[in-house]
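Morning, everyone. Please have a look at the next structure, and I'll take you through it.

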Amino acid sequence: MAITKETVLDQVEIVKMETWKVLQVRTKINVIEDDVIIASTKHRTTLYPDITSGSLSSQPADVKSIVGALWTDSHIASYRTHVSSSSS
């Protein structure tokens, strides 16, 4: 009758905004008893191109790989231009 909890990467979506893309990351927390999932819950977070490396460090390796391929320097610059023009 061992009860365990596991967190798994459930879904990663790339969502195109204007000239940049964000990542929507969904994790699933499963509560397992005797190899049977008895409860689960999902958590979603959105990652923007200006995320700091510290914030990214808590993400799964798959998410870090996607970020590395998706968010080029020009992509990040495009996002920053949008943010600065929106705030003025």
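I'll go through the strands, then one buried position, then the surface. Keep in mind that this is a predicted model.

Start with strand β1, residues 3–16. A hairpin of four residues links β1 to β2. The two strands run antiparallel, joined by 13 bridges. To get the register, take Gln-11, which sits opposite Arg-26 in β2.

Now β2, residues 21–33. Its other pairing is with β3, residues 36–47, again antiparallel, over 11 bridges. Two register marks here. Lys-28 faces Lys-42 in β3 across the pairing. Leu-23 stands opposite Leu-47 in β3. The β2–β3 hairpin has two residues between the strands, and Asp-34 there takes a positive phi near 50°.

Next, one residue in β2: Asn-30. Is Asn-30 buried or exposed? Buried: its relative accessible area is 4%, and the cut-off for buried is under 20%. What is Asn-30 in contact with, beyond its neighbours within four places in sequence? The list is Thr-4, Lys-5, Glu-6, Val-8, Ile-37, Ala-39 and Ser-40. Of these, Thr-4 is one that falls within the β1 range, residues 3–16. Ile-37 is one that falls within β3, residues 36–47.

Last, the surface. Ile-3 is in β1. Ile-3 counts as exposed because its relative accessible area is 55%, and exposed means over 50%. Which residues join Ile-3 in a nonpolar surface patch? Val-36 and Ile-38, and the patch made by these residues covers about 290 Å².

One general reminder for reading the strands: in a regular strand, side chains alternate between the two faces of the sheet.

Definitions and conventions. Residues numbered from 1 in each chain as written. Predicted model: local features only at pLDDT ≥ 70, side-chain atom pairs only at ≥ 80, totals over all residues. Heavy atoms only, no water. Buried < 20%, exposed > 50% of the residue type's maximum accessible area, 1.4 Å probe, protein only. Contact = heavy atoms within 4.5 Å. Pairing = 2+ DSSP bridges. Patch = residues over 30% accessible without salt bridge, like charges linked within 9 Å, V, L, I, M, F, W, Y side chains within 5 Å. Areas by Shrake-Rupley, 256 points an atom, 1.4 Å probe, with all protein chains shown as cover. Salt bridge = Lys/Arg side-chain N within 4 Å of Asp/Glu carboxyl O.
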